[in-house]
Amino acid sequence: MKKLIVYGTRTGTTENCAMKIKADMDFQDVEVMNLKAGNRPDLSNYDTVIIGTPIYMGKINGKVKSFLLKNHDVLMQKNIHFFVCGLAHGAEGVELFRKQISEDLFNHAIQVRQLGSEIHPERLNPLYRVIINKIVESEKPVIGLLDTEIDEFSKGI
Ligand SMILES: Cc1cc2nc3c(=O)[nH]c(=O)nc-3n(C[C@H](O)[C@H](O)[C@H](O)COP(=O)(O)O)c2cc1C
């Protein structure tokens, strides 16, 4: 059966991550869809749905949030996997995500994994650029996608 990777993104990191996961799943029937305006996947075509979101100011992507709300009952019948992009790695990033989605969807997921982050200041609006520069200066976070985590996530699908 076919697999679908859906994601929301502001500056492209979560899309890069989705493409890496797809590349890891060579020879499998995998489609990838950005949940931007107008893209509404027909979930009846898939038995497995992989859902990715970035975190901004502690919040998940709005398109992903709406997708989860609208498709809650269908997703409860599928194999689902979540991945999260952001500066907060590991359990901290997963916890930010958990707090914003329904408990039963979170518990239904086969895996939820934090896969790292990228920063693309040139793709951000001026306010977000100032905020992220301050965060990077003061907290000196580790920036970059976590290839080992991505490989483990892909293996788990
Ligand atoms: C203004 C701003 C706020 C952010 N807030 C958070 C946050 O609260 N938690 C977090 O883990 N990462 C945070 N990040 C990091 C982003 O999640 C990270 O850059 C991610 O890779 C962006 O994904 P995207 O390119 O798919 O939009 C923030 C980034 C920016 C620019």
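This passage describes the fold, the ligand shell and some individual residues of a predicted model.

The protein has 157 residues. Its secondary structure comes to seven helices and eight strands. The radius of gyration is 15 Å. A compact globule with this number of residues would have a value near 15 Å, so the two agree. Along the principal axes, the C-alpha atoms fill a box of roughly 45 × 30 × 30 Å. Buried residues make up 31% of the 157. Contacts were also sorted by separation along the chain. Among those with a separation of 6 or more, 81% join residues 24 or more positions apart.

Strand β1 covers residues 2-7. Five of its six residues are buried, so β1 is largely enclosed by the rest of the structure. β1 pairs with two strands, β2 and β3. Strand β2 spans residues 30-34 and runs parallel to β1. Five bridges join β1 and β2. Within this pairing, Leu4 has Glu31 of β2 as its bridge partner. Strand β3 spans residues 46-56. β3 also pairs with β1 in the parallel sense, here over six bridges. Tyr7 is bridged to Gly52 of β3.

The path from β1 to β2 includes a helix. Helix α1, residues 13-24, joins with β1 and β2 in a β-α-β unit. The unit is right-handed.

The sheet continues from β3 to β5. Strand β5 covers residues 79-85. β3 and β5 pair in the parallel sense over seven bridges. One residue pair in this pairing is Ile51 with Phe82, the latter in β5. Six of the seven residues of β5 are buried, so this strand too is largely enclosed by the rest of the structure. β5 also pairs with strand β6, residues 111-114. That pairing is parallel and has four bridges. In it, Val84 stands opposite Gln114 of β6.

The ligand is surrounded by 23 residues. The closest are Thr9, Thr13, Thr14, Pro54 and Gly86. Three elements give two or more residues to this shell: α1, β3 and α6, the last at residues 126-139. α1 therefore appears both in the right-handed β-α-β unit and, through two or more residues, in the shell around the ligand. By class, the shell holds twelve nonpolar residues, nine polar ones and two charged ones.

Helix α6 also holds Ile132. Ile132 has 18 C-beta neighbours inside 10 Å, so it counts as partly exposed; a buried residue would need 20 or more. Beyond its neighbours within four places in sequence, Ile132 is in contact with Ile119, Pro121 and Leu124. Asn79 lies 53 residues from Ile132 along the chain. The C-alpha atoms of these two residues are separated by 35 Å.

Three loop residues were also examined. Gly38 is found in the loop between β2 and β3. Only 5 other C-beta atoms lie within 10 Å of its own, so Gly38 is exposed. Gly38 and Leu69 are 31 residues apart along the chain, and 17 Å separates their C-alpha atoms.

Met57 lies in the loop between β3 and β4, a strand at residues 59-60. Met57 is not a glycine, yet its phi is positive, at about 50 degrees. With 6 C-beta neighbours inside 10 Å, Met57 counts as exposed.

Lys140 has its place in the loop between α6 and β8, a strand at residues 144-145. The phi of Lys140 is near 45 degrees, a positive value in a residue other than glycine. Lys140 is exposed, because 8 other C-beta atoms lie within 10 Å; the limit for an exposed residue is 12 or fewer.

Definitions and conventions:
Residues are numbered from 1 along each chain as its sequence is written. This is a predicted model: local features need pLDDT of at least 70, side-chain atom pairs count only at pLDDT 80 or more; totals for chains, interfaces and linings use all residues. Two strands pair if DSSP finds at least two bridges between them. A crossover is right-handed if, with the strands pointing away from the viewer, the path from the first strand over the helix to the second runs clockwise. The radius of gyration is taken over C-alpha atoms; the globule rule is 2.2 Å times the number of residues to the power 0.38. Two residues are in contact if their C-beta atoms, placed from the backbone, lie within 7 Å. A residue is near a molecule or strand if its C-beta atom, placed from the backbone, lies within 6 Å of it. Ala, Val, Leu, Ile, Met, Phe, Trp, Tyr, Cys and Pro count as nonpolar, Asp, Glu, Lys and Arg as charged, and the others, Gly among them, as polar.
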